[in-house]
Amino acid sequence: MRGCTCNFVVKRLYARPSLALLIYHQRRHVNKSGFVCHGPLDGDAIGPGAKTVPYICNEIQQQTMSMIYLGVPEENILEKHIEGIERYCASNAKVNSLASQYVHKLGMIIQRSTHELDLDDQASIRMWVERNKKSIFIHQDTSETDPFILGIQTEWQLQQLIRFGHRSLIAIDSTFGIKRLKYPLCTLLVFDSRQHALPVAWIITRSFSKSDVSKWMTALLGRARSVEPGWKASGFLIDDAAAETDPFRDIFGCPVLFSLWRVRRSWLRNIVKKCNNIEVQRELFKRLGNIVHGIWGASDTAVALEQLTQDFVDQTAFMEYFKSHWVPKIEMWLSTMRSLPLASQEASGAIEAYHVKLKVKLFDDSHLGALQRVDWLVHKLTTELHSGYWLDRYADECDSFQNVKEEYIASTSWHRALQIPDSAVTLDDKNRLFAKVSSQKDSSIVHLVWNPGSEFSFCDCVWSMQGNICKHVIKVNMICESHQGYQPSMSFQSFKELLVGLSKKPMEDSISQDLSMAWTMQMLEQIRNLVEVTRADDIGTVVNNLPLQWASRKGRTGVGKPSTALTLPSSKRSASKQKTRKRRRLSRLT
């Protein structure tokens, strides 16, 4: 600001993760000539009221912009804006007047802003990229040889990626809007402190080839490591069996997991849409789940599909859809589920919650005419959707906007399921065909969950009938985990199969057995550390118990170097030092 040379760097303290070290290179707010360049002490401030203008930090500005984008009334926005300003200066009539003018003008600017910077969509995107270079990590224009690729990541999203993505999982909601948008949207998600899916990057492209995916992944990783050189992801969750997995392993150097949420959602939505009888819906969804569960057994997929076709031959609409969309590629999907570890229902529910929110924001009836413009999509993502997630995180961390915080906490089915008491669930202990869940709002309403204990459970609530993973299914599956006779979750069974396969692989008394044992012990130690960190109330207690002890810089750089204290007698060393000091003093005098 006006040539201010004040600057500092922030360093993370790995031994104390809750603290940060600020190192000022220049603490005073002066320019290169040494004069105060802004603030109340600046005698050359522009304008007669510059000394009394209230300070508006980036946090207050982002909060105000987010509330405007989300349609909050101006009176409420002004109230929160003044509360933020009062943290830096006393409130008076003039400050309140300036704050009111600021909020009103900012609202007018946002209302008059448009996504169409040019009538031509491609030219409009180029202009937007030129104006927002800090929010772009890759941009490749369309040419005869290269497809269009646009990678968007704001500075706040980069901070969340480094914070929640380091040594943690990253999920991908791929191929969103492949039928309705001009270019499909791919979203990279991290799981925040409440295990909610948080978008940290958007990639707009039609190409999913290995070379093009590697381009934006390399650019994204380079951007993260330019801020945090030691940043590393622990794993990627994919939801498309056709996705290339080599870039994840080669570039990020981490394992790949598979989430069932897209398969489950697609099957359930079409069953409800194309089959009218609810009993047929329950049985058909259960049979499809049995086919998926059969990936670890000796069942023949072709025989199971043929039997399914014969048993539900009267369901013409669904069987035509299933034969045309899924039968040709069902083996590819089942092979991916068999070869990759499967993600949990909590992770799948968080990804689905983001997908539903994105769909509501973008596919509003008032925007149907703009779906084929990329600049409109970029504008919606970086304004309304970004502001919504920023305000959610701000409300949760600062304990403000209580209504926003409550909606944010309850935005996933997993967290809503945790609010259902165990006493509200009744299992069918005789045949284990169904479970009953009593409503917490109205005790006279009871929801029926068929095929309990499975990811392909069927609930008759409104949310489940829309194809979503509902809280009743998750709660019933939680109860079934502690009861005998119910099959374990597919994610746990996948994990178990990996461990069993690892134990069966090596030959007895061979080096391969030693290597497998080392891998198993390393994985077991990581799991123990993760459980300890998850259950700990204070992260400081976990850090203090770590075996690694930091030494001083001099001690670290001197490790492994031979000591030079014995090479010369003490008398000769002291004499040589005195002569050196004498020569330096004489050189200064001359």
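These legends describe close-up views of a predicted model.

**View 1. The second largest pocket.**
This pocket has a volume of about 1,100 Å³. Its lining counts 25 residues. T175, I178, K179, R262 and S266 lie nearest the pocket centre. Two or more lining residues come from each of β5 (169-176), α8 (261-274), α11 (316-325), α12 (330-339) and α13 (345-362). Helix α8 gives the largest share, eight residues. By class, the lining of the second largest pocket holds nine nonpolar, six polar and ten charged residues.

**View 2. The largest cavity.**
Searching the whole structure turns up two cavities of 30 Å³ or more. The largest encloses about 80 Å³. Its lining is made by L260, W261, R264, A343, S344, Q345, S348, E455, F456, I469, M490 and S491. Helices α8, α13 and α19 (490-504) each provide at least two of these residues. Six of the lining residues of the largest cavity are nonpolar, four are polar and two are charged.

**View 3. The second largest cavity.**
Here the volume is about 30 Å³. The lining consists of G349, E352, A353, V356, S411, T412, S413, R416 and W463. Two elements, α13 and α16 (413-418), give two or more residues to the lining of this cavity. The largest share, four residues, belongs to α13. Sorted by class, the lining of the second largest cavity has three nonpolar, four polar and two charged residues.

**View 4. Helix α9 and its N-terminal cap.**
Helix α9 runs over residues 278-293. It has 16 residues, and at 1.5 Å a residue these should span 22 Å. The expected span counts one less than the number of residues. The end C-alpha atoms of α9 are 23 Å apart, which agrees with that expectation. N277 caps the N-terminal end of the helix. A side-chain oxygen of N277 lies 2.8 Å from the backbone nitrogen of E279. Which residues of α9 are buried? They are V280, Q281, R282, L284, F285, L288, G289, I291, V292 and H293. An α-helix has 3.6 residues a turn, so residues three or four places apart point the same way.

**View 5. D396 in helix α14.**
D396 belongs to helix α14. Is D396 buried or exposed? Its relative accessibility is 10%, so D396 counts as buried, the cut-off for buried being under 20%. The side chain of D396 makes a polar contact with the side chain of R194, at 2.9 Å. Leaving out residues up to four places away in sequence, D396 touches S193, R194, K405, Y408 and I409.

**View 6. Q195, a residue with positive phi.**
Q195 sits in the loop between β6 (185-191) and β7 (197-205). Its phi is near 60°, a positive value in a residue other than glycine. Q195 has a relative accessible area of 37%, so this residue is partly exposed.

**View 7. F401, in the loop before α15.**
The loop that holds F401 lies between α14 (374-398) and α15 (402-409). F401 is not a glycine, yet its phi is positive, at about 50°. With 10% relative accessibility, F401 counts as buried, because buried means under 20%.

**View 8. L169 in strand β5.**
L169 is found in strand β5. Its relative accessible area is 29%, so L169 is partly exposed. Partly exposed covers the range between under 20% and over 50%. Which residues does L169 touch, not counting residues up to four places away in sequence? They are L189, V190, F191, G235 and L237. L169 and P255 are 86 residues apart along the chain. Their C-alpha atoms are separated by 9.8 Å.

Terms used. Residues are numbered from 1 along each chain as its sequence is written. This is a predicted model: local features need pLDDT of at least 70, side-chain atom pairs count only at pLDDT 80 or more; totals for chains, interfaces and linings use all residues. Side-chain values use heavy atoms; hydrogens and water are left out. On a 1 Å grid over the protein atoms alone, a cavity is a set of points where a 1.4 Å probe fits but cannot get out, and a pocket is an open set with protein on both sides within 12 Å along at least five of seven lines; lining residues have an atom within 4 Å of a point. Grid points are joined across faces, edges and corners, and a volume is the space filled by probe spheres set on the points. Ala, Val, Leu, Ile, Met, Phe, Trp, Tyr, Cys and Pro count as nonpolar, Asp, Glu, Lys and Arg as charged, and the others, Gly among them, as polar. Buried means under 20% relative accessible area, exposed over 50%, partly exposed in between (1.4 Å probe, protein chains only). A polar contact is a pair of N or O atoms within 3.5 Å; within protein, one must be able to donate a hydrogen and the other to accept it, and residues adjacent in sequence count only if both atoms are side-chain atoms. Contact means heavy atoms within 4.5 Å.
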